[in-house]
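Here are a few exercises to work through at your own pace, with the structure open beside you. Try each task before you read its solution.

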Amino acid sequence: MSGKRVAGLDGLRGLCALYVLLFHCWAYTFRGFPRYQGPAWLSWLGFGRLAVVMFLIVSGFSLALAAARNGWHLGHLGRFARRRAWRILPAYWAALAFSLVIAWTIVRQPHSAEPTSASVLVYTLLLQDFVAAPTPNGAFWSISVEAFLYALLPLLVLLCRRIGPAAMLAVVTLPVVVIGFVVFDGSPPQGDNWLAPHLIPVFAAGVVAAGVAVAAPRVPWAWLSLLAAVPVGLLILHQGARWMVGHYYWVDLAVAPAMTLLLLAIVSGRPSALVRLLDSRPLRSLGSFSYSLYLIHLPIVVVVTQKLVIPRLGRDVTAFTVATLLAGGLSLAGAWVFAKLFEAPFQRSRDALPKPADQDEATLGSRR
């Protein structure tokens, strides 16, 4: 790892965003997610939530990397807040307007009422993780989580400086585990208004990874990642998507170690073949507009599946194939244009703001 750009991270973000897109094409074509009724050989598409967990780990890593290189000093908090807001809010608000238009004029999001004035207020203020309101875009729950985690980052960095990264991770993980077992008797509620608390340790794991990457120990991260992934991976595959949806609280925590170790493997340049693939031009390009892809793909998928494909083709593999090609193509092309309009100009303006030297930053699904 050298310089400002970490090879492979853009491609990793791009693949995660692409998997979320495929997951939604799959989920909205076949009946009854998470009670999947499609062919078994497509069931591997039912774990889109895991890509969001990876996003959050990469985000914590990228945002904390400069601080880790600087003795766990984040820099001026006002500058940090302005740069974060300048980077994510213009594109998010534009995507919110796009999603509202789709929901009001073509088709609302499945499993949600039509957005109301309360929806506009709640989603504009990024309060959807805390206040229930009909959603204009089901993917927006994670943007609220991300904003909440940004607000916590200065505290996490301060704890790293005062007590060390490992102790910081323990401090933020222990209450989450206690809440899960003691307060909720091992079965915390699932839903769009109870998603942030247990994702704090996930994000914090990425922060810790930044400190490990700066120290650069010679460790076989890829093998450790595989060892950590095997038990939880076998459990998820055995139980299926329906079980995972009912156990997000614990699944997100369980997969975080393997994903963090995989991130460290990529940062260390091993395995080299994987890093070369992730750093290839197509995947780097995909990563450059993956934030926009995440923001706008779901309304497009819903329109294509609910208004075009299913009424004509039903809910089979042919319908899924057509929906994936059509919604995927429109989403990729639309996201590329959307990024040019609502990411790039504000990113250039943001980059003109003063910033500490060697500042590496990232957010959900996009290159920084």
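The exercises below concern a predicted model, and they move from a helix to ring pairs and then to charged side chains.

**Exercise 1. Follow helix H3 from end to end and find where it bends.**

Solution. Start with the extent: helix H3 covers residues 77-105, which is 29 residues. Next, take the span from its first C-alpha to its last, which is 41 Å and close to the 42 Å expected at 1.5 Å a residue. Finally, look along the axis: H3 bends by about 30° at Leu89. A proline, Pro90, follows within four residues of that point.

**Exercise 2. Classify the ring pair of Trp86 and Phe346, and say which parts of the chain the pair ties together.**

Solution. Two values are needed, because a pair of aromatic rings is described by the distance of the centres and the angle of the planes. For Trp86 and Phe346, the centres are 5.8 Å apart and the planes stand at 80°. Planes over 60 degrees apart count as edge-to-face, so this pair is edge-to-face. Now place the partners: Trp86 lies in helix H3 and Phe346 in helix H14 (residues 344-351), so the pair ties together parts that are 260 residues apart in sequence. As for accessibility, Trp86 is partly exposed at 37%, and Phe346 is partly exposed at 26%. The whole structure holds 11 aromatic pairs.

**Exercise 3. Do the same for Phe338 and Phe342, then compare their burial.**

Solution. Here the centres are 4.8 Å apart with 45° between the planes, and the pair is tilted. Both residues lie in helix H13 (residues 317-342), 4 residues apart, about one turn of the helix. The general rule helps here: an α-helix has 3.6 residues a turn, so residues three or four places apart point the same way. Last, check the relative accessible areas: Phe338 is buried at 8%, whereas Phe342 is partly exposed at 30%.

**Exercise 4. How many salt bridges are there, and which residues form them?**

Solution. The count comes to 3 salt bridges. Take them one by one.

- Arg13 pairs with Asp10, with the closest N and O atoms 2.9 Å apart. These two are 3 residues apart in helix H1, so they are separated by about one helical turn. Arg13 is buried at 4% relative accessibility, and Asp10 is buried at 4% as well.
- Asp252 pairs with Arg49, with the closest N and O atoms 2.6 Å apart. Asp252 lies in helix H9 (residues 248-267) and Arg49 in helix H2 (residues 48-69), so this pair ties together parts that are 203 residues apart in sequence. Both Asp252 and Arg49 are buried.
- Arg87 pairs with Glu343 at 2.4 Å, N to O. Arg87 is in helix H3 and Glu343 in the loop between H13 and H14, 256 residues apart. Arg87 is buried at 1%, and Glu343 is buried at 2%.

**Exercise 5. Which tyrosine ring does the charged end of Arg49 sit over, and which ring does Arg84 lie over?**

Solution. Begin with Arg49, the partner of Asp252 in a salt bridge. The charged end of Arg49 sits over the ring of Tyr248, 4.1 Å from its centre. Then turn to Arg84, which lies over the face of Tyr150, at 5.5 Å from the ring centre. As a last thing to trace among the rings, ring pairs link Tyr92, Tyr123 and Phe140 into a cluster.

Conventions. Residues are numbered from 1 along each chain as its sequence is written. This is a predicted model: local features need pLDDT of at least 70, side-chain atom pairs count only at pLDDT 80 or more; totals for chains, interfaces and linings use all residues. Side-chain values use heavy atoms; hydrogens and water are left out. The expected span of a helix is 1.5 Å times one less than its number of residues. The bend at a residue is the angle between axes fitted to the seven residues ending there and the seven starting there. Rings of Phe, Tyr and Trp (its six-membered ring) pair if their centres lie within 6.5 Å; planes under 30 degrees apart count as stacked, over 60 as edge-to-face and the rest as tilted. Buried means under 20% relative accessible area, exposed over 50%, partly exposed in between (1.4 Å probe, protein chains only). A charge sits over a ring if NZ of Lys or CZ of Arg is within 6 Å of the ring centre and within 35 degrees of the ring normal. A salt bridge is a side-chain nitrogen of Lys or Arg within 4 Å of a carboxyl oxygen of Asp or Glu.
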